[in-house]
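Work through the exercises below with the sequence and the structure side by side, and try each task before reading the solution that follows it.

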Amino acid sequence: MAAQRGFDRIVNLSDAVVAIAATLLVLPLVDTASSVDTAGAAGLLADHWNDLFAFVLSFAVICRFWLVHHAMFNQLVGFTTPLLWVNFVWMLGIAFLPFPTELIAFSGVDHPVASGLYVGTMLVTSAASTAQQWIAIRTPSIQAEEVRGTLTIAPGLSATVALLVILVIVLVLPDVGLWALLLLVPAGWIGAFAARRIRGSDAVSE
C-alpha cells in the first residue's frame with residue numbers, strides 16, 4: 001500500500017507540474033490583452049502573432065510530452081529510485097519551457113539563441129522521457145503484468161535523436177528556425193515503425 005501511494009504521488013506531482021507550466025504559458029498573453037488600444041483586438045493580434053504562435057507551439061509540446069508520460073506510467077505499477085530522479089529531470093524540462101517560450105515570442109523563431117534554448121529544453125525533456133522508458137524496460141518488476149515484455153524504447157529514442165539534429169540545425173542555420181521541428185513528424189513515423197518491428201520480432205520468437 002505504501003509503495004502504491006508513493007507511485008500515485010509521483011504521477012500526481014508530474015501532472016501538477018504539467019498543469020502549472022501550461023497555465024504559465026498564457027500569462028504573457030493575458031498581460032498583452034490588457035494593453036489593447038484604439039487599434040482594437042485585431043491590431044493587437046497582428047502585432048503579437050509571435051506570442052500567439054509561441055503559446056500554441058509550447059502548449060502542443062507540453063501536451064505531447066504529457067501524453068507520452070501518461071502512456072508510459074499507465075503501463076507501470078511501481079517505481080525505482082533512478083526512475084524517480086529521471087522523472088525530476090523530466091519535470092524540470094516541463095517547468096522551464098515557459099521561459100524559452102517567452103524568449104522566442106520576444107526574439108522571434110529564427111533567433112539562434114532563443115530557438116537553441118527552446119529546442120535544447122525539449123531535448124533534455126525528451127532524453128529524460130527516453131531514460132524513463134529504458135529504466136522501465138530494464139526493470140520488469142515495475143511493469144504491469146499485461147504489458148510485461150512489450151515495452152520498447154524506439155519511439156522515444158527516435159524523437160530524442162531527431163531533437164539533437166534539430167538543435168544543430170537551429171544553431172547552424174538560424175534562418176530555418178523552429179521550422180526544423182517538422183522533422184519530428186518523420187521521426188515519429190520511424191519510431192512507430194521500429195516499435196512494430198520489435199514487437200513483431202518478439203512475438204515470433206515466443
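**Exercise 1. Determine whether the crossing of helix 4 and helix 6 is left-handed or right-handed, and describe how the two helices pack.**

Solution. In this predicted model, the crossing of helix 4 and helix 6 is left-handed. Two packed helices are described by the angle between their axes and the distance between the axes. For helix 4 and helix 6, the axes come within 9 Å and cross at roughly 160°. Since angles over 145 degrees count as roughly antiparallel, helix 4 and helix 6 are therefore roughly antiparallel to each other.

The next step is to find the residues that touch. Helix 4 contributes Pro82, Leu83, Val86, Asn87, Val89, Trp90, Gly93, Ile94 and Phe96, while helix 6 contributes Leu117, Thr121, Val124, Thr125, Ala128, Ser129, Ala131, Gln132 and Ile135. Sorted by class, the residues of this contact between helix 4 and helix 6 are 12 nonpolar and six polar, with no charged ones.

**Exercise 2. Work out how helix 5 is placed against helix 6, and which residues make the contact.**

Solution. Begin with the axes: those of helix 5 and helix 6 come within 9 Å, and they cross at roughly 155°. Helix 5 and helix 6 are therefore roughly antiparallel to each other, and the crossing in which helix 5 passes helix 6 is left-handed.

On the side of helix 5, the contact is made by Phe99, Pro100, Thr101, Leu103, Ile104 and Ser107, and on the side of helix 6 by Ala114, Ser115, Leu117, Tyr118 and Thr121. A count by class gives seven nonpolar residues, four polar residues and no charged residues for the contact of helix 5 with helix 6.

**Exercise 3. Repeat the analysis for helix 3 and helix 5, and state the handedness of their crossing.**

Solution. Helix 3 and helix 5 pack with their axes 8 Å apart and at an angle of about 150°, which makes helix 3 roughly antiparallel to helix 5. The crossing of helix 3 and helix 5 is right-handed.

The residues that make the contact are Asn50, Asp51, Ala54, Phe55 and Ser58 from helix 3, together with Thr101, Ile104 and Ala105 from helix 5. Divided by class, the contact of helix 3 with helix 5 holds four nonpolar residues, three polar residues and one charged residue.

**Exercise 4. Establish what secondary structure the chain has, and what share of its residues is buried.**

Solution. The chain has eight helices and zero strands, and from the N terminus on its elements run α-α-α-α-α-α-α-α. Of the 206 residues in the chain, 40% are buried. As for contacts between residues at least 6 apart in sequence, 74% of them join residues that are at least 24 apart.

**Exercise 5. Find which residues have the most contacts inside the largest nonpolar core, and which helices supply that core.**

Solution. The largest nonpolar core has 43 residues, and those with the most contacts inside it are Phe73, Leu76, Tyr118, Val119, Leu178 and Leu181. At least two residues of this core come from each of helix 1 (2-33), helix 3 (49-73), helix 4 (81-96), helix 5 (98-107), helix 6 (112-138) and helix 7 (154-172). The largest share, eight residues, is supplied by helix 6.

To look more closely at one residue of the core, take valine 119 and leave aside its neighbours within four places in sequence: valine 119 is then in contact with Leu163, Ile166, Leu167, Val170, Leu178 and Leu181.

**Exercise 6. Classify isoleucine 20, proline 28 and threonine 150 as buried, partly exposed or exposed.**

Solution. Isoleucine 20 lies in helix 1, and its relative accessible area is 52%, so isoleucine 20 is exposed, the cut-off being over 50%. The C-alpha atoms of isoleucine 20 and isoleucine 94 are 9.4 Å apart in space, although the two residues are 74 residues apart in sequence.

Proline 28 is also in helix 1; with a relative accessible area of 23%, proline 28 is partly exposed. Its C-alpha atom is separated by 9.7 Å from that of leucine 52, which is 24 residues apart from proline 28 along the chain.

Threonine 150 has its place in the loop between helix 6 and helix 7, and at 34% relative accessibility it counts as partly exposed. Between threonine 150 and isoleucine 137, which are 13 residues apart in sequence, the C-alpha to C-alpha distance is 8.6 Å.

Technical notes: Residues numbered from 1 in each chain as written. Predicted model: local features only at pLDDT ≥ 70, side-chain atom pairs only at ≥ 80, totals over all residues. Heavy atoms only, no water. Core = buried A, V, L, I, M, F, W, Y, C linked by side-chain atoms within 4.5 Å. Buried < 20%, exposed > 50% of the residue type's maximum accessible area, 1.4 Å probe, protein only. Helix = DSSP H or I, 4+ residues; strand = E, 2+ residues; numbered from the N terminus. Contact = heavy atoms within 4.5 Å. Axes fitted to C-alpha atoms, helices over the stretch in contact; angles between N-to-C directions. Parallel < 35°, antiparallel > 145°, perpendicular 65-115°, else oblique. Left-handed = near helix turned anticlockwise from the far one by under 90°. Nonpolar A, V, L, I, M, F, W, Y, C, P; charged D, E, K, R; others polar.
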